[in-house]
Amino acid sequence: ELAREYALEQEQAAAAAAEAARKKQNKPKRKSYWLVPGIVVKCLNKTAGGGSFYKKKGFVKKVVDKYAAVVKLIDSGVKLQIDQAELETVIPKAGGDVHVVNGEHRGSTGIVKR
């Protein structure tokens, strides 16, 4: 009886270890940088341009050294170079094109349903 219980516990432990290894292998490939040319971002820097760029939206025109971008603001056309830490992505409205910028499906595009 004890031998059967021990064997069952060993089998369950091996199955759990195999499942953990499989999950680790399939872990999404997130990166610390996410900037991609062509996406719409919002400026979160409160001091740039004397605060006039705060919460303004723009297109990423060029990525500089993975962590910074040249952004062209939509309303004024001003171009500024800004770090990704001071930007956030803008989620498009339903029906708009979306670009996956991180994780397992990085680089994929789609259309927002809702």
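**Exercise 1. Place Val90 in the predicted model and describe its surroundings.**

Solution. Val90 sits in the loop that joins strand 5 (87-89) to strand 6. The structure is a predicted model. Next, take the accessibility: Val90 has a relative accessibility of 23%, so it counts as partly exposed. The cut-off that matters here is 20%, since buried means under 20% relative accessible area. Then list the contacts, not counting residues up to four places away in sequence: Val90 touches Val40, Val41, Lys42 and Lys57. For one of these, Val41, the C-alpha atom is separated from that of Val90 by 5.2 Å, with the two positions 49 residues apart along the chain.

**Exercise 2. Describe the largest pocket and its lining.**

Solution. Begin with the volume: the largest pocket holds about 360 Å³ of space. It is lined by 14 residues, and the closest to its centre are Ile39, Val90, Pro92, Val98 and His99. Now assign the lining to elements: strand 6 (residues 97-99) gives the most, with 3 residues. Finally, sort the lining by character, which yields 8 nonpolar, 4 polar and 2 charged residues.

**Exercise 3. Find the largest cavity and state which residues and strands line it.**

Solution. A search of the whole structure for cavities of 30 Å³ or more returns 1. The largest cavity has a volume of about 30 Å³. Its lining consists of Val41, Lys42, Cys43, Lys56, Val71, Leu73, Leu80, Ile82 and Leu87. Strand 1, strand 3 (68-73) and strand 4 (79-83) are the elements that give two or more residues to this lining. The largest share, 3 residues, comes from strand 1. By character, the lining of the largest cavity has 7 nonpolar residues, no polar ones and 2 charged ones.

**Exercise 4. Identify the best-connected members of the largest nonpolar core, then examine Leu87.**

Solution. The largest nonpolar core has 16 residues, of which Trp34, Ile39, Val41, Val60, Val71 and Leu87 touch the most other members. At least two residues of this core come from each of strand 1, strand 3 and strand 4. Strand 3 gives the most, with 3 residues. For Leu87, leave out residues up to four places away in sequence; the contacts are then Trp34, Leu35, Val41, Lys42, Cys43, Leu44, Val71 and Ile82.

**Exercise 5. Determine whether Asn45 is buried or exposed, and trace its side-chain contacts.**

Solution. Asn45 belongs to the loop between strand 1 (40-43) and strand 2 (57-64). Its relative accessibility is 12%, so Asn45 counts as buried. The side chain of Asn45 reaches two backbone nitrogens: that of Thr47 at 2.7 Å, and that of Ala48, which lies 2.8 Å from a polar atom of this side chain. Not counting residues up to four places away in sequence, Asn45 touches Tyr54, Ile82 and Glu86.

**Exercise 6. Examine the phi angles of Lys55 and Asp65, and give the setting of each residue.**

Solution. Start from the general expectation: most residues other than glycine have a negative phi. Lys55, which is not a glycine, has a positive phi near 65 degrees. Lys55 is in the loop between strand 1 and strand 2, and its relative accessible area of 51% makes it exposed. Asp65 also is not a glycine, and has a positive phi of about 55 degrees. Its place is in the loop between strand 2 and strand 3. Asp65 has a relative accessible area of 67% and is therefore exposed.

Conventions
Residues numbered from 1 in each chain as written. Predicted model: local features only at pLDDT ≥ 70, side-chain atom pairs only at ≥ 80, totals over all residues. Heavy atoms only, no water. Helix = DSSP H or I, 4+ residues; strand = E, 2+ residues; numbered from the N terminus. Buried < 20%, exposed > 50% of the residue type's maximum accessible area, 1.4 Å probe, protein only. Polar contact = N/O pair within 3.5 Å; in protein donor to acceptor, adjacent residues only side chain to side chain. Contact = heavy atoms within 4.5 Å. 1 Å grid on protein atoms, 1.4 Å probe; cavity = no way out; pocket = protein on both sides within 12 Å on 5 of 7 lines; lining within 4 Å. Points joined across faces, edges and corners; volume = space filled by probe spheres on them. Nonpolar A, V, L, I, M, F, W, Y, C, P; charged D, E, K, R; others polar. Core = buried A, V, L, I, M, F, W, Y, C linked by side-chain atoms within 4.5 Å.
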